[in-house]
Amino acid sequence: MEAMQQWVESLERRARFRLGSGRVADYIPALAEQDADRFGIAICTNQGEIYHAGEAQVPFSIQSIAKVLLLTLALRVQGDALWTRVGRNPSGMPFNSLTQLEAEGGKPRNPFINAGAIAVTDRLVGAFATPSKHLRDVARRLSGNSAIHIDDAVQASEWKHRSRNAAMAYLMKAFGHLDNEVDEVLTAYFACCALSMSCVDLARAFNFLAAEGHALSAGERFIAPDLARRINSLLFTCGMYDAAGDFAYRAGLPAKSGVGGGIVAIVPGRFSVCAWSPALDERGNSVAAQYALELLADDLGRWSGIIP
Ligand code: GLN
């Protein structure tokens, strides 16, 4: 539909005005080398149509966006037993904070902060021989792109600069909240964060959350509708870390960001979208990608007739 394509292009044009503010993630050298001025956006409708603009086909490091797939797989494997290891409330703290974890007995607030995702990964280490390869294969299946891979340089960089994430993992281990060896869990977690995917790949892969759990590109019911609804609720309350409330006010969409600059957002019943731009605000969320999603939500409310 031509109107849809024009809309996506207009989102790109307007979001580009925010390029130039924010800073590229520099906690690992592999990400610090990114060009701050890149921007891409892709929409995948529940009918399977793709509309994209800018550098939407350029793979980037998905980072924390992987936490959504980790959670989905862990819930498929473990069901509600997972919630004995991780909570479901917003943390109000930075994604890599340690203070709350100690204060709360080693149980992370939610699956989308680092400690929470590490606890979730621990469950997958017990369930799969190579959890990161399993997750990569799921990402390939859901996006219909068999070329998706784990970026070795990013993974090695994460490992080399792992002190903070290792501190979280050891703290959880000390509280008896990790079953597997810290090194094994961290290796799997970093490999998942180091997946390289484009906006188009991510919009396709996450469409199951817009489509009540049905994965159109894979031609399968990936999760039950009630689980999709619950994951969307967690994305809404916890997906943007300590900016979750602010982003909910601005865009009102379930969303997950990563320090690679990508943000996936869901318009339930209609479409999934991914926007990407590497420069981040002080909370680790992409400046231009957030703005693109805010514009998108604004337009949806204003002239929803044109948009499917
Ligand atoms: N790999 C990153 C880390 O562990 C993920 C953080 C993020 O994207 N917010 O620090």
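1. How are H7 and H9 oriented to each other, roughly parallel or oblique? They are oblique, because angles under 35 degrees count as roughly parallel, over 145 as roughly antiparallel, 65 to 115 as roughly perpendicular and the rest as oblique, and the axes of H7 (residues 152-160) and H9 (residues 182-193) cross at roughly 135 degrees. These axes come within 8 Å; axes are lines fitted to C-alpha atoms, for helices over the stretch in contact, with angles from 0 to 180 degrees between N-to-C directions.

2. The model is predicted: local features need pLDDT of at least 70, side-chain atom pairs count only at pLDDT 80 or more, and totals for chains, interfaces and linings use all residues. Residue numbers start from 1 along each chain as its sequence is written. Helices (H or I, at least four residues) and strands (E, at least two) are DSSP runs, numbered from the N terminus.

3. Gln 155, Glu 158 and Trp 159 of H7 meet Phe 190, Ala 191 and Cys 193 of H9; contact requires C-beta atoms, placed from the backbone, within 7 Å.

4. Glu 158 and Cys 193 also appear among the residues around the ligand, as do Asn 165 and Gly 284 (C-beta atom, placed from the backbone, within 6 Å).

5. An open antiparallel sheet has 5 strands in the order E3-E2-E11-E10-E9, where pairing needs at least two DSSP bridges. Its edge strands are E3 (50-54) and E9 (255-257). Strands E2 (residues 40-45) and E11 (residues 271-276) share 6 bridges, and Cys 44 is partnered with Ser 272 of E11.

6. Helix H1 (residues 2-15) packs on this sheet, touching E2 and E3, at about 30 degrees to the direction of E3.

Conventions:
Two residues are in contact if their C-beta atoms, placed from the backbone, lie within 7 Å.
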